[in-house]
Amino acid sequence: MGSGLRGRDLLSMEDLSREEILEILDLASQLKREQRVRRPHRLLRGRTLALIFEKPSLRTRVTLEVAMRQLGGDVVSLTQQDIGLGVRESVADVARNLSRWVDGIAARVFSHRTLEDLARAAEVAVINALSDREHPCQTLADLLTIREKFGTFQGTVVAWVGDGNNVCHSLLLGGVKVGLSLRVATPEGYEPDRTILEAARNYGERTGARILLTHRPEEAVRGAQVVYTDVWTSMGQEAEREKRRRAFAGFQVNEALLAHSPEALVMHCLPAHRGEEITDAVLDGPRSVVLDQAENRLHVQKALLALVLGG
C-alpha cells in the first residue's frame with residue numbers, strides 16, 4: 001500500500017485531507033465488495049493492533065477485531081481493568097511498552113488528552129476509536145454510507161439534531177472537506193465547540209459546503225437529505241441526565257419532525273436511547289440506515305488500518 005497515511009496518527013478528522021478521506025472510502029468500498037464475494041485480502045499479515053478501551057464497546061471493539069483478522073493480522077484487546085491507564089501505569093509508559101510489541105494502537109478513551117499523550121509517547125500509529133472531542137472512525141463510516149446512498153456529497157445536506165458532541169465535531173470537520181453541507185440544531189448551551197465550527201467553516205469555504213447553526217430542529221431538517229441524531233447523554237455525563245432530558249425536550253427525531261423532510265434518510269451512530277433522542281418507529285423504520293452505518297464501521301476501519309499499518 002503506497003499511501004501517505006502509512007505510520008500516521010489519526011486523532012481528529014483534521015488529520016486527514018480531502019484526498020485522504022476519499023482514498024479511505026475508495027479502499028473501503030473495494031474491500032467491502034471483496035468481502036461480499038469472500039475474496040480474501042490479507043494485507044496485514046504479521047501485523048498486530050493493540051486496542052485500549054476505557055469505555056464499554058460493542059461496534060468499535062467487534063469491528064476493529066474483525067477488521068484485523070480479515071486483513072490477516074492479529075489484535076490484543078485491553079480494558080482499563082487490564083492496564084489501569086494513567087493509574088496503575090502512566091499513559092506514556094503504556095505507549096512506550098506497547099510500541100515494542102505491536103504495530104499500532106487504537107484507543108477508546110474518556111479524555112482526548114489521553115489520546116494526545118499516547119500519540120506523543122508511542123513510536124507506532126495511534127488511532128482515535130472515540131474520545132470526548134471526536135469520533136473520526138464513525139465519521140468515515142457515515143461518509144461511506146452517505147456516498148453509497150446518494151452517489152455524491154455535493155448538494156447533499158445532513159441535519160444534525162441534538163447534542164453538539166464528539167460525533168458532531170468529526171462529522172463537521174470531515175463532512176465539509178468532501179463537500180457535505182450540515183445544519184446543526186442544538187439547544188442553547190449545547191452547540192459544537194467554537195474552534196471546531198470555525199475550522200469547519202474555513203474548510204467549507206474551499207469546498208462550497210455550507211454550515212448552519214440553529215436552535216430550531218425544524219429549520220435544520222426542512223429539505224435535508226439526511227437527519228442524524230445521537231444520545232443526549234454520553235458516557236461520562238450520567239450526572240447530567242435529567243438536566244439534559246429537560247434541555248433537549250423538543251429535539252427528538254420522530255415522525256412529526258421527519259414530516260419536514262419526507263424523503264430524508266435517518267442516521268444514528270448507536271447505541272440509541274429509544275424513546276429519548278429517537279423513537280422506535282423511526283429507528284426501526286424504512287428510512288433508517290443505522291445498520292448500514294454500523295456495518296460500514298468494519299469496512300472503513302479495515303481500509304484505514306490497511307493504509308496506516310500496511311506497506
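1. Start where helix 8 ends: the residue that follows helix 8 is G208, and its phi is positive, near 85°. Bear in mind as you look that this is a predicted model. Helix 8 itself takes in residues 194-207, which makes 14 residues. From first C-alpha to last, helix 8 reaches 20 Å, close to the 20 Å expected at 1.5 Å a residue.

2. Now look at how helix 8 sits. I196, L197, A199, A200, Y203 and G204 are its buried residues. They lie on the same side of helix 8, because they cover an arc of only 165° around the axis. Turn to the other side of helix 8 and you find R194, E198, E205 and R206, which are exposed. As for what covers the buried residues of helix 8, the cover includes helix 7 and strand 7, the latter spanning 211-214.

3. Helix 4 is worth viewing in the same way. It runs over residues 91-99, and its buried residues are V91, V94, A95, L98 and S99. These cover an arc of only 130° around the axis, so they fall on the same side of helix 4. Among the elements that cover them are strand 1 (48-53), strand 2 (74-79) and helix 3 (80-83). Strand 3 (104-108) and helix 5 are also part of that cover.

4. Helix 5 deserves a stop of its own. T114 has its place in this helix, which spans residues 112-121. Is T114 buried or exposed? It counts as buried, because its relative accessibility is 13% and the cut-off for buried is under 20%. Setting aside neighbours within four places in sequence, T114 is in contact with L85, V91 and V109. V91 is one of the buried residues of helix 4, so you can follow this contact from one helix to the other.

5. On to helix 1, residues 18-36, where you will find I24. I24 is buried, with a relative accessible area of 0%. Which residues does I24 contact, leaving aside its neighbours within four places in sequence? They are L5, L16, L140, V300, A303, L304 and L307. Take L5 from that list: I24 and L5 are 19 residues apart in sequence, and their C-alpha atoms are 9.6 Å apart in space.

6. Helix 13, residues 290-309, holds E295. This residue is partly exposed, with a relative accessible area of 29%. Not counting residues up to four places away in sequence, E295 touches K32 and R36. E295 and T145 are 150 residues apart in sequence, yet 9.3 Å apart in space, C-alpha to C-alpha.

7. Two backbone spots to check, both with positive phi in a residue other than glycine. The first one to look at is R38, with phi near 60°, in the loop between helix 1 and strand 1. R38 is exposed, with a relative accessible area of 70%. The other is L130, with phi near 140°, in strand 4 (residues 125-130). L130 counts as buried, at 8% relative accessibility.

8. There is a cis peptide bond to look at too. It goes from L270 to P271, with omega near 0°. P271 lies in the loop between strand 9 (265-268) and helix 12 (280-283).

9. That brings us to the largest pocket, which has a volume of about 410 Å³. Of the 24 residues that line it, those closest to the centre are R108, L130, M235, L270 and P271. Which elements give two or more residues to this lining? They are helix 2 (59-70) and helix 7 (166-177). By class, the lining is made up of 9 nonpolar, 8 polar and 7 charged residues. Both residues of the cis bond, L270 and P271, appear among those closest to the centre, as does L130, the strand 4 residue from point 7.

10. Last stop, the second largest pocket, with about 270 Å³ of space. It is lined by 18 residues, and D132, D163, N165, N166 and Q237 are the closest to its centre. How do the residues of this lining divide by class? There are 4 nonpolar, 8 polar and 6 charged.

Key
Residues numbered from 1 in each chain as written. Predicted model: local features only at pLDDT ≥ 70, side-chain atom pairs only at ≥ 80, totals over all residues. Heavy atoms only, no water. 1 Å grid on protein atoms, 1.4 Å probe; cavity = no way out; pocket = protein on both sides within 12 Å on 5 of 7 lines; lining within 4 Å. Points joined across faces, edges and corners; volume = space filled by probe spheres on them. Helix = DSSP H or I, 4+ residues; strand = E, 2+ residues; numbered from the N terminus. Nonpolar A, V, L, I, M, F, W, Y, C, P; charged D, E, K, R; others polar. Expected span 1.5 Å × (residues − 1). Buried < 20%, exposed > 50% of the residue type's maximum accessible area, 1.4 Å probe, protein only. Arc of directions from axis to C-beta. Contact = heavy atoms within 4.5 Å.
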